[in-house]
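Biologist: Could you take me through one part of this model at close range? I would like to hear about its charged pairs and how they sit among the helices.

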Amino acid sequence: MQPSNICSPNRVLDRRSEQFIVAAWIALVALTWTFSPFVFLPKPGEVFHALHDLWFYQDLGIELFTSMTLNLEAIAIATVISLAMAYLGTIAVFAPLVSFIGKLRFLSLAGLGFAFTMMTSNGHALRVSVLVFMVVVFFVVSMVDVINGIPKEQYDLARTLRMGDWETLYEVVILGKLDQAFIVLRQTAAMSWMFLATAEGMAMSGGGVGMLLNTSNKHFHLAEVMAIQILILIVGLCQDYMIGIFRNICCPWVNSSGRKG
């Protein structure tokens, strides 16, 4: 491994070199964290101690399971709704509606919380509806961009093969961009964890890591806050990895590097 290779753009490194670079960055972050001069930043020992107390004395495991099931439910519903909207956006009569839904991403939940509360019957429904809304408005925008990026030549080829409009929609848009739909899903599923604390904070009685996070943050228990955030990061990375596996299973023409092969 030459230093010039790791410090120059567009260089392809072998796997051993990549692992070395990752390990070096992890070590640097760990050392920076351990010897940080910021007194308000909890040290690693404090964070792991807080994680131990949260897990064994504050039912963090149960709260994590609650959040995971809530998140998966919201992602499943949002994915179905978003894909349906994005595909309907290829039909002229639905295009303005789909475009408008995408623009709702600029709205703040501070003003919509009351509306969601009035439209839902219980705390769980409120949490799910809030998460679904947050995911859908971003999912739709990203998926519409993917569809709009399809080259005109692919539609022309479908017509040359005497495909009808609906068959073209299925072959070129739905099936042809299935691998890209998984990429959008990975992005928005990651965002749902960012929105989770907000959704669970709107109905604290339902529990969840968002409830613990809001409570710890309110009382300035920074070690607990960091412990919960690290746990969410680990779970989120595992979720992202599983979606990547499903992508490879459903789209076998895509290799591990993300390029079509």
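**Salt bridges, on the surface and inside**

Modeller: Happy to! Asp-156 pairs with Arg-159 in a salt bridge whose closest N and O atoms are 3.4 Å apart. Please keep in mind that this is a predicted model. Asp-156 and Arg-159 are 3 residues apart in helix 8, so about one helical turn separates them. Asp-156 has a second partner: its side chain also meets that of Lys-152 in a salt bridge, at 3.0 Å from N to O. Here the spacing is 4 residues, again about one helical turn, within helix 8 (residues 152–160). The general rule helps: an α-helix has 3.6 residues a turn, so residues three or four places apart point the same way. Through shared partners, Lys-152, Asp-156 and Arg-159 are joined into one network.

How open is this network? Lys-152 counts as exposed, because its relative accessibility is 56%, and Arg-159 counts as exposed at 55%. Asp-156 is partly exposed, with a relative accessible area of 30%.

The structure holds 5 salt bridges, and another one worth a look joins the side chains of Arg-127 and Glu-200, at 3.9 Å from N to O. Arg-127 belongs to helix 7 (residues 123–148) and Glu-200 to helix 10, so this pair ties together parts that are 73 residues apart in sequence. Both partners are buried: Arg-127 has a relative accessible area of 3%, and Glu-200 has one of 0%.

From Glu-200 we can step to Ser-67, which touches Glu-200 as well as Trp-193, Leu-196, Gly-208, Val-209 and Gly-210, leaving aside residues up to four places away in sequence. Ser-67 lies in helix 4 and counts as buried, because its relative accessibility is 0%.

Two of those contacts, Val-209 and Gly-210, lead into helix 11 (residues 209–218), where they are buried along with Met-211, Leu-212, Leu-213 and Ser-216. The buried residues of helix 11 pack against helix 4 (60–88), helix 10 (178–201) and helix 12 (222–250). Just after helix 11, Phe-220 takes a positive phi of about 60 degrees.

To place all this in the whole chain: its secondary structure comes to 12 helices and 0 strands. Buried residues make up 34% of its 261 residues. Of the contacts with a separation of 6 or more, 69% are between residues 24 or more positions apart. As for charge, the chain has 16 positive and 17 negative side chains, and the centres of the two sets lie 9 Å apart.

Technical notes
Residues are numbered from 1 along each chain as its sequence is written. This is a predicted model: local features need pLDDT of at least 70, side-chain atom pairs count only at pLDDT 80 or more; totals for chains, interfaces and linings use all residues. Side-chain values use heavy atoms; hydrogens and water are left out. Buried means under 20% relative accessible area, exposed over 50%, partly exposed in between (1.4 Å probe, protein chains only). Helices (H or I, at least four residues) and strands (E, at least two) are DSSP runs, numbered from the N terminus. Contact means heavy atoms within 4.5 Å. Lys and Arg count as positive and Asp and Glu as negative; His and the chain ends are not counted. The place of a charge is taken as NZ of Lys, CZ of Arg, CG of Asp or CD of Glu. A salt bridge is a side-chain nitrogen of Lys or Arg within 4 Å of a carboxyl oxygen of Asp or Glu.
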